[in-house]
Amino acid sequence: MSLAGFLKVWASEFGFLPERGVPLAPYTSIGVGGPAEMVFKAEDVDSLVKAIRLALEHGIPYTLLGGGSNVLVPDEGIRGLVILNRCKGWHMNGGDIYAEAGMPFAGLARGAIQAGLAGLEWGVSIPGTVGGAVVGNAGAYGGDTASVLKSADLLTPDGHRETWPVAKLEYGYRTSRIKEALARGDRWVVLTATFHGKQSNRDELCRLADGYLNHRRETQPKEPSIGSTFRNPPGDYAGRLLDAAGMKGYRIGGAQVSTRHANFIVNLGDATASDVLALMEEMQHRVQEMFGVALEPEILVLNQRISESADGQIKSGVGR
Ligand SMILES: Cc1cc2nc3c(=O)[nH]c(=O)nc-3n(C[C@H](O)[C@H](O)[C@H](O)COP(=O)(O)OP(=O)(O)OC[C@H]3O[C@@H](n4cnc5c(N)ncnc54)[C@H](O)[C@@H]3O)c2cc1C
């Protein structure tokens with residue numbers, strides 16, 4: 001790994017350098033976490049691919065961030081290159097809806113509704129990008145990504161482009177082959193995705209979408225959060241178990257179990273990632289003790305700690 005070599009080739013390819021030591025909290029929905037060693041905002045798919053291939057060639061670790069609505073960035077920050085995916089192109093062709101992975105998923109769902117295409121209307125309530133939804137099989141109100149996705153263009157862990165039909169993504173509840181691979185350290189990147197919508201009544205789709213959004217407003221916290229902290233265990237709800245365990249309102253530092261929804265952790269203003277992690281542990285511990293159920297995190301804790309930085313220029317603990 002050579003950071004100097006990487007930066008030299010980067011400058012000649014892009015004509016500028018990645019930003020250094022950028023705080024990542026503003027790029028996450030909960031507003032928590034330390035800085036990235038380097039940040040690049042990718043605005044088109046070719047630049048995204050080029051950046052990843054350069055990182056791979058030089059052994060620089062990289063992390064992709066979409067809307068940052070399903071991740072916890074550690075207080076120590078993230079080592080290597082963080083790529084903010086802002087590739088937002090999209091278009092429709094008949095019932096097919098094609099989108100680059102940095103497109104906000106809720107915006108895409110609105111676009112499909114406007115065109116009278118059914119299948120994505122639950123998506124108006126989902127924060128984050130198309131890429132994040134494809135990776136995590138985002139879903140709500142009985143719908144999910146797996147049911148409407150046709151195929152995805154991916155970058156393999158060694159930098160090759162491949163198109164996968166939906167079946168190859170091996171979707172499960174809030175997971176996919178890509179998310180499972182990520183947990184083992186293999187990074188597949190979603191570049192674009194093609195969905196299929198069924199021709200339907202536009203007004204009816206609007207009515208459904210508005211109902212979903214209203215339901216969210218009534219049942220979910222208004223403070224910044226990462227959405228559902230834990231997956232629902234088979235046959236039950238994490239929120240119900242946490243509520244019954246008396247966790248609503250429980251607070252560690254600036255992080256609190258929402259008083260509205262016990263599976264949401266909210267940032268009261270000055271939460272750190274350590275507060276959130278400590279709270280998650282307490283929530284798991286209480287539910288295990290009272291009900292014998294092991295809650296599994298739904299959110300992803302990013303773990304390329306900046307304290308391991310190659311050039312040692314950015315020290316740990318720089319974030320809030
Ligand atoms: C208030 C709130 C409500 C929510 N409600 C729901 C809900 O009802 N249903 C639901 O499913 N989720 C929900 N979520 C969680 C979140 O919105 C989804 O998981 C969303 O799909 C994440 O997308 P993102 O772009 O923010 O992903 P990020 O948080 O940016 O990334 C998530 C993971 O995917 C990786 N990743 C991101 N983009 C790509 C890509 N293009 N290629 C490869 N890897 C990538 C990241 O590296 C990271 O590991 C909610 C979140 C919040 C804050």
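Me: A residue is near a molecule or strand if its C-beta atom, placed from the backbone, lies within 6 Å of it. How many residues surround the ligand?
Reply: Please keep in mind that this is a predicted model: local features need pLDDT of at least 70, side-chain atom pairs count only at pLDDT 80 or more, and totals for chains, interfaces and linings use all residues. Residues are numbered from 1 along each chain as its sequence is written. The closest ones to the ligand are G66, G128, G131, G132 and G227. Around the ligand, the full count is 34.

Me: Which element gives the most to the shell around the ligand?
Reply: Helices (H or I, at least four residues) and strands (E, at least two) are DSSP runs, numbered from the N terminus. Elements that each supply at least two shell residues include strand 3 (62-65), strand 13 (189-196) and strand 15 (225-228). The top contributor gives 5 residues, and its name is helix 4.

Me: How many residues of the shell around the ligand are charged?
Reply: Ala, Val, Leu, Ile, Met, Phe, Trp, Tyr, Cys and Pro count as nonpolar, Asp, Glu, Lys and Arg as charged, and the others, Gly among them, as polar. The shell has 15 nonpolar and 18 polar residues. The number of charged residues is 1.

Me: From which domains does the shell around the ligand draw at least three residues each?
Reply: Domain bounds come from an automatic or database domain assignment. The protein chain is divided into domain 1 (3-87), domain 2 (90-205) and domain 3 (230-297). Those that each give at least three residues to the shell are domain 1 and domain 2.

Me: Which element gives the most to the side of domain 1 that touches domain 2?
Reply: The centres of these two domains, taken over C-alpha atoms, are separated by 22 Å. In all, 15 residues of domain 1 are in contact (C-beta atoms, placed from the backbone, within 7 Å) with 16 residues of domain 2. On the domain 1 side, 6 residues come from one element, helix 2 (residues 45-57).

Me: Which residues have the most contacts inside the largest nonpolar core?
Reply: A nonpolar core is a set of buried Ala, Val, Leu, Ile, Met, Phe, Trp, Tyr and Cys residues joined through C-beta atoms within 7 Å. The largest one has 89 residues. Beyond four places in sequence, one of its members, I83, touches F40, A42, L48, A51, Y62, L64 and L65. The residues with the most contacts inside this core are I83 and L108.

Me: Is N137 buried or exposed?
Reply: A residue is buried if 20 or more other C-beta atoms lie within 10 Å of its own, exposed if 12 or fewer, and partly exposed in between, with C-beta atoms placed from the backbone. N137 sits in the loop between helix 4 and strand 9, and its phi is near 50°, a positive value in a residue other than glycine. Because N137 has 20 C-beta neighbours inside 10 Å, the verdict is buried.

Me: What is the phi of E170 near?
Reply: E170 is in the loop between strand 12 and helix 6. With 14 C-beta neighbours inside 10 Å, E170 counts as partly exposed. Its phi is positive, in a residue other than glycine, and is near 45°.

Me: How far apart in space are S29 and A133, C-alpha to C-alpha?
Reply: S29 lies in the loop between strand 1 (19-23) and strand 2 (35-42). In sequence, S29 and A133 are 104 residues apart. In space, C-alpha to C-alpha, their separation is 15 Å.

Key: Contact = placed C-beta atoms within 7 Å.
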